[in-house]
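Trainee: I would like a close look at a single part of this structure. Please take the helix packing and the spaces around it, and walk me through them in order.

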Amino acid sequence: MVETDIWWLLPLTISLLIGAICPATGALLITQRRVLLANLMAHSVLPGLVVALAIGIDPSIGGLISGLLGALVAERLNRRFKGREEGAMNTVLAGFTALGVLLVPLLDARVDLETILFGDLLAANTTDLLRTAFAAGALLALLIWGYRDLVFVGIDPEGAAIAKRPVLLIRLICSLITALVVISAITAVGVILVIGLLCAPVLMHVERSRSLKELMLRSASTGLLLCGGGMMLAIAVDLPPGPLIGTLCLALLFTYRVNTAEQQS
């Protein structure tokens with residue numbers, strides 16, 4: 001009887017963790033101007049997830065490999081199409097998404113595409129919690145190890161390279177962390193909607209924050225409210241949590257615009 005009464009505790013815990021780590025990761029990506037790459041990686045994990053589920057291994061492994069592969073393919077094509085990088089990256093994004101969808105019937109994989117694309121918090125389990133906790137731990141370790149370099153790379157990447165800071169290593173680790181965060185966020189919002197959770201809370205605070213640390217903390221706090229509130233609201237009105245959280249992210253941006261207009265008048 002007690003377990004029945006608190007069935008919502010695990011999904012809520014996962015949603016709060018994701019609500020904190022997605023915007024915190026988004027703060028790093030936005031300050032480094034790598035949001036498009038994050039969106040690409042979010043879609044690139046799909047083929048790896050399908051293959052992993054088809055052969056019976058942890059989806060995190062397949063998703064991580066596939067996400068990094070998508071980033072490497074995009075990087076290579078960016079060099080070939082100098083000045084037209086956005087077009088190349090969007091093509092890779094679409095191609096990996098299409099490949100993931102095609103692999104489902106080709107491998108006869110038992111995959112719920114709707115859950116992967118849009119999330120399903122109410123079906124979360126302990127493995128999802130551990131996966132999310134691992135992503136949070138990896139992000140925290142990165143901040144402890146290289147916070148000053150993250151700030152330097154975000155402000156002046158060319159200067160950081162001249163100062164012989166490990167720019168490539170930091171970007172590689174950031175890509176790994178991004179892939180882990182995206183994979184963990186699939187439970188909540190899916191690969192399609194995760195970019196909103198990565199960006200919207202950060203956009204609310206990026207102009208008002210005086211440091212990367214402050215930006216990450218403010219963004220994470222907003223993400224906690226979005227995911228926690230979205231989860232409980234979804235239960236109350238019987239709607240899917242992922243799309244509802246994605247809609248709240250959009251609504252949040254309109255709130256910011258209204259406040260800015262009021263301040264100027």
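Mentor: What follows goes from one helix pair to the spaces beside it, and then to a second pair. Keep in mind that this is a predicted model.

Start with helix α4, residues 59-80, and helix α9, residues 167-185. The two pack at an angle of about 135°. Their axes lie 9 Å apart. Angles over 145 count as roughly antiparallel. At about 135°, α4 and α9 are therefore oblique to each other. Their crossing is right-handed.

Now the residues that touch. From α4 come Ser 60, Gly 63, Leu 64 and Leu 68. From α9 come Ser 175, Leu 176, Ala 179, Leu 180 and Ile 183. By class, this contact of α4 with α9 has six nonpolar and three polar residues. It has no charged ones.

Stay with α9 and turn to the enclosed space. The structure holds one cavity of 30 Å³ or more. The volume of the largest cavity is about 40 Å³. Its lining is made of Thr 25, Leu 28, Leu 29, Leu 142, Cys 174, Ile 177 and Thr 178. Two elements each give two or more residues to that lining: α2 (9-31) and α9. Five of the lining residues are nonpolar and two are polar. None is charged.

Next come the open spaces. The largest pocket takes in about 740 Å³. Its lining counts 19 residues. Nearest its centre are Arg 34, Leu 37, Glu 75, Asn 78 and Arg 171. At least two lining residues come from each of α3 (35-55), α4, α5 (85-106) and α9. So both helices of the pair, α4 and α9, appear again here. The biggest contribution is that of α4, with seven residues. Look at the classes too. The lining of the largest pocket divides into nine nonpolar, three polar and seven charged residues.

The second largest pocket holds about 410 Å³. It is lined by 19 residues, and Thr 115, Asp 128, Arg 131, Ile 186 and Thr 187 are the closest to its centre. Helices α3, α4, α6 (113-118) and α7 (126-155) each supply at least two residues of this lining. The largest share comes from α7, which gives three residues. By class, the lining of the second largest pocket has nine nonpolar, five polar and five charged residues. Note that α4 supplies lining residues to the largest pocket and to the second largest pocket.

Last, the other helix pair. Helix α10 spans residues 190-205, and helix α11 spans residues 212-237. They pack at an angle of about 125°, with their axes 8 Å apart. That angle makes α10 oblique to α11. The crossing of α10 and α11 is right-handed. On the α10 side, the contact uses Leu 197, Pro 201, Val 202 and His 205. On the α11 side, the contact uses Leu 215, Arg 218, Ser 219, Thr 222, Gly 223, Leu 226 and Cys 227. The contact of α10 with α11 has six nonpolar, four polar and one charged residue.

Put the pairs side by side. For α4 and α9, read about 135° and 9 Å. For α10 and α11, read about 125° and 8 Å. The α4 contact with α9 has no charged residue, whereas the α10 contact with α11 has one.

Conventions:
Residues are numbered from 1 along each chain as its sequence is written. This is a predicted model: local features need pLDDT of at least 70, side-chain atom pairs count only at pLDDT 80 or more; totals for chains, interfaces and linings use all residues. Side-chain values use heavy atoms; hydrogens and water are left out. Axes are lines fitted to C-alpha atoms, for helices over the stretch in contact, and angles run from 0 to 180 degrees between N-to-C directions. Helices (H or I, at least four residues) and strands (E, at least two) are DSSP runs, numbered from the N terminus. Angles under 35 degrees count as roughly parallel, over 145 as roughly antiparallel, 65 to 115 as roughly perpendicular and the rest as oblique. A crossing is left-handed if the near helix is turned anticlockwise from the far one by less than a right angle, and right-handed if clockwise. Contact means heavy atoms within 4.5 Å. Ala, Val, Leu, Ile, Met, Phe, Trp, Tyr, Cys and Pro count as nonpolar, Asp, Glu, Lys and Arg as charged, and the others, Gly among them, as polar. On a 1 Å grid over the protein atoms alone, a cavity is a set of points where a 1.4 Å probe fits but cannot get out, and a pocket is an open set with protein on both sides within 12 Å along at least five of seven lines; lining residues have an atom within 4 Å of a point. Grid points are joined across faces, edges and corners, and a volume is the space filled by probe spheres set on the points.
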